[in-house]
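Reader: Please take me on a close walk through one part of this model, namely the pockets and what lines them. Spell out your cut-offs as you go, since I like to know what each term means.

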Amino acid sequence: LQGVEVVHHLAARISLAAGPDAQTERVNLDGTCNLLEAASRSGIRRLVYVSSIYAMRRSRQGVVDEACPFDPASAQGAYDRSKAAASLAVLAAAAGGLDAVIACPTAVTGPHDYQRSEAGRAILLNMRPGVRFTVDGAYDFVDVRDVARGLILAAERGSPGAVYILGGERLTVRQVSRL
């Protein structure tokens, strides 16, 4: 990181495992801690850490906003737990003087989904002809281009130690299926 001014940390391992997942924790938590160490040694100007809306504790009313804490204990799966723990590490580093902000995208979709994200795979499955099954529920979808712009704005204008949710439009699973 020598000579680097701004770091955007987006690297993560997605996992839908409900139980412990050592590799996901190693990549998402240990990797972030390694980066925080390197960032503090190198004197970067700003770190933009990309967490996830799913790393935040949900309120009893189901509303999630920037005031909701990161809580590994209440997380639903390995990915959520590891991102919550990594987010807490970033906040601790920010409290210790590192200029860092956290962005929490919702379900990211959009063009050029080469690796087939979870949201992208679900959308593609629903585009196939035949019988479709849906479940009750909804997600907030955000276009990847809006997330990219939000990350640039977080780097340029974000308050040190702040958390920003990058969301788009709430759609039910049935609405997505119909679209």
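## Around the pockets

Author: Let's start with Ala 107: leaving out residues up to four places away in sequence, Ala 107 touches Tyr 54, Asp 140, Phe 141 and Val 142 (contact means heavy atoms within 4.5 Å). Before going on, a word on provenance: this is a predicted model, where local features need pLDDT of at least 70 and side-chain atom pairs count only at pLDDT 80 or more, while totals for chains, interfaces and linings use all residues. Residues are numbered from 1 along each chain as its sequence is written, and side-chain values use heavy atoms, with hydrogens and water left out.

Back to Ala 107, which belongs to strand S4. (Helices are DSSP runs of H or I with at least four residues, strands are runs of E with at least two, and both are numbered from the N terminus.) Ala 107 is buried, since its relative accessible area is 11%; buried means under 20%, exposed over 50% and partly exposed in between, with a 1.4 Å probe and protein chains only. If you want a long-range reference, the C-alpha atoms of Ala 107 and Glu 25 are 21 Å apart in space, with the two positions 82 residues apart in sequence.

Now for the pocket itself. Rolling a probe the size of a water molecule over the atoms shows where empty space is left. Here the grid has 1 Å spacing over the protein atoms alone; a pocket is an open set of points where a 1.4 Å probe fits, with protein on both sides within 12 Å along at least five of seven lines, and lining residues have an atom within 4 Å of a point. A volume is the space filled by probe spheres set on the points, which are joined across faces, edges and corners.

The largest pocket holds about 1,600 Å³ of space. Its lining has 48 residues, and Ala 107 is among those nearest the centre, together with Val 108, Ser 117, Glu 118 and Ala 119. By type, that lining splits into 28 nonpolar, 14 polar and 6 charged residues. (Ala, Val, Leu, Ile, Met, Phe, Trp, Tyr, Cys and Pro count as nonpolar, Asp, Glu, Lys and Arg as charged, and the others, Gly among them, as polar.) Which element gives the most to this lining? That's H3, with 6 residues. At least two residues each come from H2, S4 (107–109), H3 (118–127), S5 (138–143), H4 (144–157) and H5 (173–178).

Between S4 and H3 there is a loop, and His 112 sits in it. His 112 is exposed, as its relative accessibility is 61%. For a backbone check, look at its phi: about 65°, so positive, although His 112 is not a glycine. Most residues other than glycine have a negative phi, and most peptide bonds are trans.

Next, the second largest pocket, with a volume of about 360 Å³. Of its 13 lining residues, Ile 53, Val 64, Ala 138, Tyr 139 and Asp 140 lie nearest the centre. The split here is 7 nonpolar, 3 polar and 3 charged, and S5 gives the most, with 3 residues.

S5 is also home to Ala 138. Ala 138 is partly exposed, at a relative accessible area of 24%. Past its neighbours within four places in sequence, Ala 138 is in contact with Arg 170, Leu 171, Thr 172 and Val 173.

Then there's Tyr 139, which is partly exposed at 42% relative accessibility, and Phe 141, which is buried at 14%. A search of the whole structure turns up 1 aromatic pair. It joins Tyr 139 and Phe 141: ring centres 6.2 Å apart and planes at 65°, so edge-to-face. (Rings of Phe, Tyr and Trp, the latter by its six-membered ring, pair with centres within 6.5 Å; planes under 30 degrees apart are stacked, over 60 edge-to-face and the rest tilted.)

Finally, two stops on H2. Ser 82 is placed in this helix (residues 78–95) and is buried, at a relative accessible area of 4%. Beyond four places in sequence, Ser 82 touches Thr 24, Glu 25, Asn 28 and Leu 29. With Asn 28 there is also a side-chain polar contact of 2.9 Å (a pair of N or O atoms within 3.5 Å; within protein, one must be able to donate a hydrogen and the other to accept it, and residues adjacent in sequence count only if both atoms are side-chain atoms). Leu 91 is in H2 as well, but partly exposed at 27%. Setting aside residues up to four places away in sequence, Leu 91 touches Phe 70, Ile 102, Gly 161 and Val 163.

Conventions:
Ala, Val, Leu, Ile, Met, Phe, Trp, Tyr, Cys and Pro count as nonpolar, Asp, Glu, Lys and Arg as charged, and the others, Gly among them, as polar.
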